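The following account leads the reader through a single protein chain, from its overall properties to selected residues. Please keep the sequence and the structure in view while reading.

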Amino acid sequence: MLRQTPTYRNSPVVRSRDPAVLDTCDIVIDVGGIYDHDSLRYDHHQRDYDEKFTPKQNKDGTTSERCTKLSASGLVYRHYGKEVIKQYYPDLTEEMLNLAYEKMYNSFCEAIDAIDTGVEPIPGGLDPPVSLVYRDSTGLSARVSRCNPRWNEVDATTNQPPNPDERFEVASQMCGDDFMSVLSKIVEADLPARSIVEQAVNDRFECDASGEIIKLPS
């Protein structure tokens, strides 16, 4: 995600947990035990960590707390998501940008946060208990996991174990492609459809005096 911004577009990735190495980095994500935007540190593994995205807007106008804390990915989205969206869709109005930002979290980022922080899709404590009837291994998190070299995997060309850093780049590209696939649908299809429906609702009294009928263009 950060590589979609001008600041980090050509930045190399350093993968380390060594504090001395991390101190040399411009920005640190998912390691280091610190969340501090001012110092560009975005980790979520601290014991007292409790950061969540903005409350979810319900259809009845109320709000509800998010089911999950923000993972490191969610923290990056919180601070850089709008900048990323604007890189690809610079002509969005402020209202449309905010709508795309919220919908992108709901449609894409929240599930990644939940999986990373261990939130199950079915809440516990139900009576009678409910369990999943199947497990989905086709989602982004599962596909990224499969990029990790297997314990017994050997590269047929080098006869050596695969390079984890090269696999990381494969996973990073995969995440970027999925992100853009969801974002393009939201901005290029969902938001225009929303505008059409919104206009029809605003014009409903022109369609019928009761205001109970709306007319959508064919």
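**Charge, fold and local detail**

The chain carries 24 positive and 37 negative charges, and the mean positions of these two sets are 3 Å apart. The model under discussion is predicted, and every value quoted here is computed from it.

The chain contains six helices and five strands. Read along the sequence, these elements follow the pattern α-β-β-β-β-β-α-α-α-α-α. The C-alpha trace spans about 75 × 50 × 40 Å along its principal axes. The radius of gyration is 21 Å, whereas a compact globule of 218 residues would have a value near 17 Å. Of the 218 residues, 26% count as buried. The accessible surface comes to about 14700 Å², and carbon and sulfur atoms account for 51% of this area. Among contacts with a separation of 6 or more, 53% are between residues 24 or more positions apart.

The interior may be considered next. The largest nonpolar core has 33 residues, and the members that touch the most other members are Y77, I85, M104, F108, F179 and L183. Helices α2 (72-88), α3 (94-117) and α5 each supply at least two residues of this core. The largest share, nine residues, comes from α3. M104 illustrates the surroundings of one such member: leaving aside neighbours within four places in sequence, M104 is in contact with Y77, C109, F179, V182, L183 and I186.

Just before α2 in the sequence stands S71, a residue of the loop between β5 (63-64) and α2. Is S71 buried or exposed? S71 counts as buried because its relative accessibility is 0%, and the cut-off for burial is under 20%. Not counting residues up to four places away in sequence, S71 touches H44, Y49, D113, D116 and T117.

The part of the chain that holds the early strands offers two further buried residues. I27 lies in the loop between α1 (19-22) and β1 (28-29). With a relative accessibility of 16%, I27 falls under the 20% limit and therefore counts as buried. Beyond its neighbours within four places in sequence, I27 is in contact with L2, Y8, L40, Y42 and Y80. The C-alpha atoms of I27 and S39 are separated by 7.9 Å, although these residues are 12 residues apart along the chain.

R41 belongs to strand β3 (residues 41-42). Despite its charged side chain, which is counted as positive, R41 counts as buried, because its relative accessibility is 13%. Which residues are in contact with R41 once its neighbours within four places in sequence are left aside? They are L22, D23, V28, I34, Y35 and D36.

The backbone also deserves attention. Most residues other than glycine have a negative phi, and most peptide bonds are trans. D30 is an exception with regard to phi: its value is near 75°, which is positive in a residue other than glycine. D30 is placed in the loop between β1 and β2 (35-36). Its relative accessible area of 30% lies between the limits of 20% and 50%, so D30 is partly exposed.

A departure of another kind involves D127 and P128, which are joined by a cis peptide bond with omega of about 5°. P128 lies in the loop between α3 and α4.

The loop between α4 and α5 holds N159, whose phi is near 60°, again a positive value in a residue other than glycine. N159 counts as exposed because its relative accessibility is 60%, and the limit for this class is over 50%.

V154 is placed in that loop as well, between α4 (140-145) and α5 (164-202). Its relative accessible area is 46%, and V154 is therefore partly exposed. Not counting residues up to four places away in sequence, V154 touches N159, Q160 and P162. The C-alpha atoms of V154 and M174, which are 20 residues apart along the chain, are separated by 22 Å.

Definitions and conventions. Residues numbered from 1 in each chain as written. Predicted model: local features only at pLDDT ≥ 70, side-chain atom pairs only at ≥ 80, totals over all residues. Heavy atoms only, no water. Helix = DSSP H or I, 4+ residues; strand = E, 2+ residues; numbered from the N terminus. Buried < 20%, exposed > 50% of the residue type's maximum accessible area, 1.4 Å probe, protein only. Contact = heavy atoms within 4.5 Å. Rg over C-alpha atoms; globule rule 2.2 N^0.38 Å. Areas by Shrake-Rupley, 256 points an atom, 1.4 Å probe, with all protein chains shown as cover. Charge placed at Lys NZ, Arg CZ, Asp CG, Glu CD. Core = buried A, V, L, I, M, F, W, Y, C linked by side-chain atoms within 4.5 Å.
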